[in-house]
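Visitor: I would enjoy a close look at one part of this model. Could you take me through the place where two helices pack together, and then through the charged pairs?

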Amino acid sequence: MGRLIVVSNRVATPTETKGSAGGLAVGVFGALKDAGGVWFGWSGDVVSESVANAGPALVEEEPVTFATVGLTRKDYDQYYRGFSNATLWPVFHYRNDLARYERDEYAGYRRVNAWLAHKLVKLVDPEDNIWVHDYHLIPFAEALRSEGVANRTGFFLHIPFPSPQVLQTIPPHDELVRSLCCYDLLGFQTRNDQQAFHDYVAREAHGKVIEHGEKAEVEAYGRKLRTGVYRIGVFPDEIAEQAARYESRQHVLDLKQSLEGRKLIMSVDRLDYSKGLVERFHAFEQLLEDAPEWRGKVTLVQIAPPTRSDVASYRMIREELEREAGRINGRYSGLDYTPIRYLSQQYDRWKLMSLFRESQVGYVTPLHDGMNLVAKEYVAAQNPADPGVLVLSVFAGAAAELSGAVLVNPHDATGMAEALQQALSMPLAERQSRYEINMAALRRNDLGVWRDTFLSDLSNVPRLR
Ligand code: ADQ
């Protein structure tokens, strides 16, 4: 049995993999601990060329080695800020209007992938399985192959895969799909994403796709590979336990006191245009407009720390959101009432879960989202005796699993306002039955199932040699 090598754009630090770290870091680290191996990627630092070339820096935490490299300013600008986050991210979230394409950024993206692959080669043993994560690393397997690495290599895409017509707006779309076909196994969050990839292969690349339920065999660009749907999850019982444990902490008591008996709608996201924050604020405004009985009776708390603030479209969304929160608050606030509380901080994970537990509605309405773990965390954090209601966008991957949620179209402000009213007034028995349905789905397909099924399918693909 070989070890596991995990490759991701960012590598969690050894401390982040413990305690209250995000679910994904804990899930991936669990697999590494079981198999032993290496977690390889960018350290998050921008460094000089000589420091970058001296890497990777190794931190041993038996049986796992954390191996990280720094990026030069040019590599960061072209690979990370440029092609990954100003081209791939918007297009894969159907925001072609926000995307740009620069040839030199794309060249930088491929160059950094090749450089990273070269750095990893020395750490790979012949029997290891390699698991690569997300859109920053589409050409990584191709680069490994050209270094002579024949190990089983799988890729999991955390974000949506766009339909062929949308993907084709990226000029080197064919090269990107060709690169994806250098992996042995491709994992997608939903059936729709997998289908969009198959559509491209069949129609644009004239390849062959044989589907067996949610698994498929693909032949394209002279290679054979497999695809599958692997819905990422959480560990629901751990979240439930921690949310309950934090229930009586001071921050929860402070929040309760400040609400003065008003109902609470909670939203938590990274500040990103794909999360539908502005549309969400407008629908909340619509609720206050259409149902005056709720004015002064309900508060929306939006927690959204800024991310990628050196990408222009992220600065724009931040400004727009601050402006809209101010306008809506100006319109509906009273001397003792602020309808929207907009907080741009990062919060401790268990603190967030306890705030979810305090709220009557979880308001999760992305315009497009690979899965959306916040939706799953919201459900898991509820008190079974008095659960809140999840209002969820149909465009989140999680909507395919959480049939107990009130599903909404984030482009329909009136429909969302109606859904909020329905959720705020829902009788206990209905809230409980919806919660039970969602919780059962979370338990059936937790983070461990996601990880283990992907890795077991990867170890079953035939070796290249
Ligand atoms: P993200 O786009 O980051 O992830 P999401 O799935 O919601 O979106 O995960 C965010 C995580 O960060 C959650 O665990 C959440 O609790 C945490 N978080 C958010 N805001 C926070 C705050 N203010 N303070 C502390 N923690 C906060 C990408 C894809 C998703 C996919 C995931 C996993 O875009 O579609 O679900 O990867 O595959």
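Guide: What follows starts at one helix pair and moves on from there to salt bridges. Please keep in mind that this is a predicted model.

Let us begin with α13, residues 349-358, and α14, residues 373-380. Two packed helices are described by the angle between their axes and the distance between the axes. Here the axes come within 8 Å and cross at roughly 65°, and the crossing of α13 past α14 is right-handed. On the α13 side, the residues in contact are Arg349, Met353 and Phe356, and they meet Val374, Glu377 and Tyr378 of α14.

Helix α14 also leads us to a charged pair. Lys376 forms a salt bridge with Glu401, and their closest N and O atoms are 2.8 Å apart. Because Lys376 sits in α14 and Glu401 in the loop between β15 and β16, this pair ties together parts that are 25 residues apart in sequence. Both partners fall under the 20% cut-off for buried residues: Lys376 has a relative accessibility of 0%, and Glu401 has 14%.

The loop that holds Glu401 is also the place of Val394, between β15 (389-393) and β16 (406-408). Val394 is partly exposed, at 40% relative accessible area. Together with Phe395 and Leu407, Val394 forms a nonpolar surface patch with about 230 Å² of accessible area.

Now for some other charged pairs. Side chains of opposite charge can pair when their charged atoms come close. Arg231 and Glu214 form a salt bridge with their closest N and O atoms 2.8 Å apart. Arg231 lies in the loop between β10 and α9, and Glu214 in the loop between β8 and β9, so the bridge ties together parts 17 residues apart in sequence. Arg231 is partly exposed at 21%, and Glu214 is partly exposed at 30%.

Asp174 and Arg178 offer a pairing inside one helix: they are 4 residues apart in α7 (residues 173-180), which means about one helical turn separates them. The closest N and O atoms of this salt bridge are 3.6 Å apart. Asp174 is partly exposed at 28% relative accessibility, and so is Arg178, at 39%.

Salt bridges can also be followed through a network here, which links Glu285, Glu289, Glu324, Arg327 and Arg331. Over the whole structure, a search finds 35 salt bridges.

How values were computed:
Residues are numbered from 1 along each chain as its sequence is written. This is a predicted model: local features need pLDDT of at least 70, side-chain atom pairs count only at pLDDT 80 or more; totals for chains, interfaces and linings use all residues. Side-chain values use heavy atoms; hydrogens and water are left out. Patches are made of residues with over 30% relative accessible area and no salt bridge: like charges are joined within 9 Å, nonpolar side chains (Val, Leu, Ile, Met, Phe, Trp, Tyr) within 5 Å. Accessible areas come from the Shrake-Rupley method with a 1.4 Å probe; for residues, only the protein chains shown count as cover. A salt bridge is a side-chain nitrogen of Lys or Arg within 4 Å of a carboxyl oxygen of Asp or Glu. Helices (H or I, at least four residues) and strands (E, at least two) are DSSP runs, numbered from the N terminus. Buried means under 20% relative accessible area, exposed over 50%, partly exposed in between (1.4 Å probe, protein chains only). Axes are lines fitted to C-alpha atoms, for helices over the stretch in contact, and angles run from 0 to 180 degrees between N-to-C directions. A crossing is left-handed if the near helix is turned anticlockwise from the far one by less than a right angle, and right-handed if clockwise. Contact means heavy atoms within 4.5 Å.
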